[in-house]
Amino acid sequence: RCYILSNENGKIQLSLRQSRLNPKSNSKVDDVEITCIKDVKKGQLVRGYVKSISPSGVFFGLSTSLLGRILFQNVSPYFVQKHSLYEKYLPEGKLLTAKVLGVNGKEKHVELSLLPEDTGMPSVLPESLGLPRYDAEEEKREAADREEREELKLKAKRRRGNSETKQVWMASHPLCCQALYFAIRIAFKIHPRSCPPPSTHFPLLQEVKPKKRKIYSADENDSGVEVYYQEEEDDDQEEEAAKTKSKIRKPGEAPRLQVSVGFTWDEDMNAMDIPVLNQKEDRSDSEEEEDPELKLKKQTKKEKELEKQKKEKELCKLEAALMDPSRQPQSADDFDRLVLSSPNSSILWLQYMAFHLQATEIEKARAVAERALKTICFREEQEKLNVWVALLNLENMYGTEETLMKVFERAVQYNEPLKVFQHLCDIYANSEKYKQAEELYHTMLKRFRQEKSVWLKYASFLLKQGQTEATHRLLERALKALPTKEHVDVISRFAQLEFRFGDPEHAKALFESTLSSYPKRTDIWSIYMDIMIKHGSQKEVRDIFERVIHLSLAPKKMKFFFKRYLDYEKKFGTGESVLAVKRAALEYVETKSSFADT
C-alpha cells in the first residue's frame with residue numbers, strides 16, 4: 001500500500017509515509033516532510049539521501065524537488081586530498097543526518113553540514129584511516145609562514161653583515177689595498193696620473209668614520225620585514241656635485257684610461273690573508289645558518305609536545321570506545337580484533353563479509369570467507385557450514401555460474417552433501433532462479449531417494465510455484481520410494497503443505513483418508529484439529545471433536561481431547577456448549593467406571 005505523489009511523463013512517484021497513508025492518525029512524525037525551501041530553517045537537523053559527489057561538494061537530497069550542498073570541509077573533520085574516498089564511504093542513496101548551516105531562498109540554495117559537532121552523529125569517515133584533521137593542517141601552515149618570515153630576517157642580517165665586514169676589512173688593511181693598487185698598475189701598464197692612489201678610490205682608507213643607520217618601518221606594501229642599510233656621510237647633493245666636477249676636465253689634464261677587461265680581487269693574491277678571511281666569513285655564515293635550525297628545533301619540540309598531548313587524548317578516546325561492549329565495529333581493524341577474540345563465531349565472520357560487501361569490495365569479502373574456513377575449528381561443523389552458505393550466496397549474487405559451481409563442489413566435499421544441496425536450492429529459490437532450483441531438486445531426488453526431507457522440500461517448492469498437480473504426482477512417487485513406516489507422516493506433512501500453499505479441500509481429503517485408515521493416531525488427530533481451528537469453520541471443528549471423544553482410546557488420551565474441547569468452547573462457544581462438553585465428559589467417566597465394575 002502506497003500513496004501516489006505524481007504521475008508525469010510515464011514516471012510515477014510514490015510515498016510510503018504513514019502520514020500520507022493514514023492522514024487521520026495522530027502519531028508523531030519523525031522526519032517532517034520537506035516540500036519546498038520554506039520548510040528548511042537554519043540550525044535544523046534533517047535526514048536525506050546522498051545524490052551525487054562533485055568537485056564542488058556532496059549533493060544531498062532532502063526531497064524529490066529540493067537538493068542541498070555539503071562542502072568538503074563540512075563533510076568530515078578530516079583533511080582528504082582524493083575525493084574518490086568520499087565515493088567509497090558515501091555511496092549514492094545512503095541515508096544520513098545533516099544540519100542546516102544556511103538557506104538562500106532567492107537562489108534556492110541550502111548549505112548543510114555532516115560534522116559530528118553539528119549533527120551529534122559519528123563521522124562519515126572512520127578514524128582508522130589515519131587522515132589529518134583540519135586544525136592540524138592550519139597549524140602546519142602557520143608554522144611554515146613563521147619559518148618563511150624568519151628566513152627573510154636572517155637573509156637581511158647576512159647582507160648587512162657581509163657589507164660591513166668588507167668595508168671594515170678594507171679600512172683595517174691599508175697595506176693590502178696599496179699592494180693591490182701597485183699590482184693593477186704593473187699588470188695593465190697604467191700611468192700613475194691615469195690611476196690615482198687608493199685613497200681616492202677607497203674613501204675608507206682616509207678615515208674610518210662611523211656610519212649612520214636608518215630603520216624604515218614596513219609599509220602596507222612591504223612584506224613585514226625591517227630592512228637595515230647603511231649610508232655614507234655625503235648627502236645626495238654632495239654626490240651630484242662630485243659628478244659634475246668629474247665631468248668638467250681641466251684643459252691640461254690627460255684623459256683617464258678606461259679598461260674594458262675586468263679583473264677579480266682574488267687574482268694573484270694567494271700570499272695575502274684573504275683566504276683566511278674567507279674561511280672566517282664562511283664560518284660566520286655557517287653559524288648564522290645553524291641558528292634558524294636551532295630555532296626550528298625549539299619550535300618542533302613545542303609542536304611535538306602538543307602533538308603528543310593530542311595523540312594521548314585520541315588514544316584515551318579510542319580505548320574508551322573499544323571498552324564499550326555495545327559499540328558496533330566500524331572498520332576492518334575492529335572486525336580483526338573481534339575475530340581474534342572469538343575465531344569460531346560464524347556470526348562475526350559473516351558480519352565482516354557484509355562490511356566489505358557494503359563497500360562493494362567483493363574480493364575482500366571472498367578473502368574473509370576463505371580466512372574464516374581456515375580459522376574455524378574443524379569440530380565446529382555448523383559454524384563452518386554457515387560460512388560455506390554465505391560464500392555460496394556471495395557467488396550467486398556477485399559471481400558467475402562457474403565460480404558458484406566450484407564453491408558448491410568444495411562445500412559438498414567438506415560438509416554433509418544433503419545440507420549443502422538443500423541450502424543451494426533455497427538460494428536459487430530466493431533469488432528467483434527457479435529453473436536451476438528445479439534441476440537441482442531432480443538430481444537430489446535421484447541421489448537422496450530415501451530422505452523424506454528432500455520430497456517435502458520439493459513439494460513445498462512446487463506448491464509455492466502453483467504446481468498443485470505436480471505435487472500430487474510427487475506424493476505418489478514419494479510413497480513408492482520411501483519405506484512404509486514413513487507413509488503416514490509423509491501424507492500428513494503433504495496435507496499441511498496443501499493447507500498453507502495449495503488446495504485446502506484436497507488437504508482435508510488427505511487427512512480424512514489417513515484417519516480412516518489409522519483412527520488411533522492421536523498425533524494426526526491433534527494436527528488436524530490445530531489446522532482446522534486456524535483455517536476451518538466452527539462447525540467443522542466441533543464435528544472433529546465429537547468424532548474424537550466417541551473413539552475408544554486410552555483414558556489419558558481421552559482426558560487430553562476433552563480438555564481441548566472444553567477450552568475451545570470456553571473461548572469460542574456459549575455457556576450451553578460448555579455444559580454439553582462437561583456432560584459428555586461425565587458420561588464417559590460413568591461408562592468407564594461401570595465397565596470397570598462389571
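**Close-up 1. A patch of positive charge sits on the surface of this predicted model.** Five residues gather here: Arg146, Arg149, Lys153, Lys157 and Lys302. Helix α4, spanning residues 134-172, supplies the largest share of the patch, with four residues. Arg149 is a good place to begin looking, and its place is in helix α4. None of the patch members takes part in a salt bridge, because residues with a salt bridge are left out when patches are built.

**Close-up 2. Five strands close into a barrel.** Follow the strands around in the order β3-β4-β5-β7-β6, and you will meet mixed pairing along the way. On average, neighbouring strands of this sheet are turned by 55° against each other, with direction ignored.

**Close-up 3. Strands β3 and β4 pair within the barrel.** Here we zoom in on β3, residues 45-54, alongside β4, residues 57-61. The two run in the antiparallel sense and are joined over five bridges. To find your bearings, look for Val50, which stands opposite Phe60 in β4.

**Close-up 4. A salt bridge joins Glu111 and Arg69.** The closest N and O atoms of this pair are 2.7 Å apart. Glu111 belongs to strand β7 (residues 109-113), while Arg69 belongs to strand β5 (residues 67-70). With their positions 42 residues apart in the numbering, the pair links distant parts of the chain. Both strands also appear in the barrel of Close-up 2, where β5 is followed by β7 in the strand order. This contact is one of 17 salt bridges that the structure holds.

How values were computed. Residues numbered from 1 in each chain as written. Predicted model: local features only at pLDDT ≥ 70, side-chain atom pairs only at ≥ 80, totals over all residues. Heavy atoms only, no water. Pairing = 2+ DSSP bridges. Axes fitted to C-alpha atoms, helices over the stretch in contact; angles between N-to-C directions. Patch = residues over 30% accessible without salt bridge, like charges linked within 9 Å, V, L, I, M, F, W, Y side chains within 5 Å. Areas by Shrake-Rupley, 256 points an atom, 1.4 Å probe, with all protein chains shown as cover. Salt bridge = Lys/Arg side-chain N within 4 Å of Asp/Glu carboxyl O. Lys, Arg positive; Asp, Glu negative; His and termini not counted. Charge placed at Lys NZ, Arg CZ, Asp CG, Glu CD.
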